[in-house]
Protein chains: 2
Amino acid sequence: MQKQAKAVFEQYLSKKNLKATHQRNLILETFLKTEKHLTHEELYEIVKKKDKSIGQTTVYRTLKLLVESDIAREVDFGDRIVRYEHKCCHIHHDHLICMHCKKTIEIVDSQIEELQESIAAKYGFVLVDHNMSLYGICNDCFK
Amino acid sequence: MQKQAKAVFEQYLSKKNLKATHQRNLILETFLKTEKHLTHEELYEIVKKKDKSIGQTTVYRTLKLLVESDIAREVDFGDRIVRYEHKCCHIHHDHLICMHCKKTIEIVDSQIEELQESIAAKYGFVLVDHNMSLYGICNDCFK
DNA sequence: CTGTTCGATGAAATTAAATTTCAATTTCGG
DNA sequence: CCGAAATTGAAATTTAATTTCATCGAACAG
């Protein structure tokens, strides 16, 4: 899975005549290892522990490249802060977010996906992407 | 429908010991008349034509009040710009957005709503709100 | 190898939008 | 009407995203 993402990234870089640098490799590896939704600053904090010389701008720009190469996806849980999640080699999922404790649960539901496709088709749209976020209160917080 | 929204707003204001001012009334009326998704700046431009003395801060703040009183809803179509749409007296709808011409279509689909409820229930969540945006290319742009 | 070119990098500056501040003004209950 | 408390508008601030620019480094030709 990680190997696949690395291969995709390499291909993307060479297609665009971009260079495979030490920084980009380290940032991609670090990104692949995290399973949470991180902002570019949060990823920068982790990357910095492995290589103090890497700047936050590079992390920011590399994440943009990961999005362009379909390895990452930008998500926004309603607070207008951009977070990144894995896209490559994962099936699409939606999010269930607790408005109280901010816990997020990833949902995979093929019925939803099918419905979305059929709605788009009904209006003559070719569906490219979508996001669905459900906001509520989780069991723990409801007590 | 507009009367209903105005009554809701009045009630909200008095409940919170806030005052019913000329500006708030005009902003609410103007908001109710627009059927598009506007930013606070865009709404300000329209309101200004009716009363030059109103400031954009007041429009911004009044929109926040409309959200609190459930008359309006904030939406974000992926560009991190907050737009406002009617919520009171409308059933919930989702959005289909053309990534090319930016056209947005409002979708009402009870099957989706039901599925969302049942997913939330499955994970022990009480659903409060949700947003679903489908991004694609419309018929016209596809040619 | 090694020089050269062009993309990459990092710190700092800039942009863009949201939000807050504050002095002056307005509302509304008494 | 009066006065306390909320509101207003302009301007300032905050916050996150994005760009700039002076080096630096990768990779390729020779």
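The accessible surface of chain A comes to about 8,100 Å², and 51% of that area belongs to carbon and sulfur atoms. This value, like those that follow, was computed from a predicted model. Of the 143 residues that make up chain A, 42% count as buried, and the C-alpha trace of the chain spans about 45 × 45 × 25 Å along its principal axes. With regard to charge, chain A carries 22 positive and 21 negative charges, the mean positions of which lie 7 Å apart.

The secondary structure of chain A consists of six helices and five strands, which, when read along the sequence, follow the pattern α-α-α-α-β-β-β-β-α-β-α. Four helices thus open the pattern and are followed by four strands, after which a helix, a strand and a further helix complete the order. Among the contacts in chain A between residues at least 6 apart in sequence, 51% join residues that are at least 24 apart.

The relation between the two copies was examined by superposition. Chain A is brought onto chain B, with an RMSD of 0.1 Å, by a rotation of 180° that is accompanied by 0.0 Å of shift along its axis, which is the relation of a two-fold axis. The same surface serves both copies, in that 100% of the contact residues of chain A recur in chain B. As for the position of the rotation axis, the residue of chain A that comes closest to it is M132(A), whose C-alpha atom lies at 2.1 Å.

Notes. Residues numbered from 1 in each chain as written. Chains lettered and ligands numbered in written order. Predicted model: local features only at pLDDT ≥ 70, side-chain atom pairs only at ≥ 80, totals over all residues. Heavy atoms only, no water. Helix = DSSP H or I, 4+ residues; strand = E, 2+ residues; numbered from the N terminus. Buried < 20%, exposed > 50% of the residue type's maximum accessible area, 1.4 Å probe, protein only. Contact = heavy atoms within 4.5 Å. Areas by Shrake-Rupley, 256 points an atom, 1.4 Å probe, with all protein chains shown as cover. Lys, Arg positive; Asp, Glu negative; His and termini not counted. Charge placed at Lys NZ, Arg CZ, Asp CG, Glu CD. Least-squares fit on C-alpha atoms with pLDDT ≥ 70 in both.
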